[in-house]
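Student: I've got a model open and I'd like to know what stands behind the labels people put on it. Can we go through them one by one?

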Amino acid sequence: MIRKAALGLLGLIVAGTANAEWGLNMPKGVTELSKETYGLHMMVFWWCVAIGVVVFGVMIYSLVKHRKSQGAEPADFSHSTVAEVLWTAIPVVILLIMAVPAAETMLKAEDTRDPDISIVITGYQWKWHYKYQDEGIEFFSSLARSSVDARRLDSGTDVNTVENYLLEVDRPVVVPVGAKVRLLVTSNDVIHSWWVPDLSIKKDAVPGIINETWFRAEQTGTFRGQCTELCGKDHGYMPVVVEVVEPDAYVAWVETRQQSGERVATSQ
Ligand SMILES: [Cu+2]
């Protein structure tokens, strides 16, 4: 029985590693802030590990060493000022060690001044709308046709064969590498949330409110995310795709978009 369970667990682990998409940890990402955020996350993680080891170590040692069968006598004191001062002061110091760098990173994350590009992101049930403020470009970004077709009941398509299933859109957001991109996030109906882990951005899209954030991608590539605020029946079908390209390619993309004059989505 135990052997069977262990084998099952092993199977799960092997299956897990076979599917590279399923990482245990958060990604380091491709922006300076995402790397800092990852560093903070790991620092707090190791503090937690250390505290866990110390607390459980002392507890287990005490339980084993001072058990009744070993002739341990209970102590008769009820308070210890020294212990109370220590178990207050040590956590305060640890919290300060965590808080100082965390506050520095948070201040940077909030600093949306002097952007190179500003994009207004509006959440809709169930797609995203992007408006480049200075370029005069706007478009809807919906779930890619390949996923739309495959997800239908009795579609006959094995979703495992669909590339980037539920993580592909018809029109991605395109930004140049190295540019400071300011995002103004809002919603047209219910609360959504714009989330791209590699950019270290998860910002709520709330009707009537504009939330600001920014990123500066340090490398080119395609970065994917999803709506991460339960927003209705198709919440799982409004992914985010950000393409970070070389500045030349971005300029070319802007021109094509401007010439096409395509302002609204044709699908959905
Ligand atoms: Cu949503």
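Tutor: Sure, starting with donors: these are N, O and S atoms within 2.8 Å of the metal (3.2 Å for Na, K and Ca), and since water is not among the atoms, sites may look incomplete. Keep in mind that this is a predicted model, where local features need pLDDT of at least 70 and side-chain atom pairs count only at pLDDT 80 or more, while totals for chains, interfaces and linings use all residues. Residues are numbered from 1 along each chain as its sequence is written, and side-chain values use heavy atoms, with hydrogens and water left out.

Student: What makes H192, C227, C231 and M238 donors of the copper ion?

Tutor: H192 (ND1), C227 (SG), C231 (SG) and M238 (SD) lie 2.0 to 2.6 Å from the copper ion, so they meet the 2.8 Å cut-off. Along the chain their spacing reads H-x34-C-x3-C-x6-M. One pair links distant parts of the chain: H192 sits in strand β6 (residues 192-196), and C231, 39 residues apart from it, is in the loop between β9 (221-227) and β10 (240-245). Strands here are DSSP runs (E, at least two residues), numbered from the N terminus.

Student: Why is the arrangement around the copper ion called tetrahedral?

Tutor: Four donors earn that name if all angles lie between 85 and 135 degrees. Here the angles are 94 to 127°, so the arrangement is tetrahedral.

Student: How do you know whether H192 is buried or exposed?

Tutor: Buried means under 20% relative accessible area, exposed over 50%, partly exposed in between (1.4 Å probe, protein chains only). H192 has 0%, so it's buried. C231 comes in at 3%, so C231 is buried too.

Definitions and conventions:
Tetrahedral: all angles 85-135°; square planar, octahedral: opposite > 155°, others 65-115°. Helix = DSSP H or I, 4+ residues; strand = E, 2+ residues; numbered from the N terminus.
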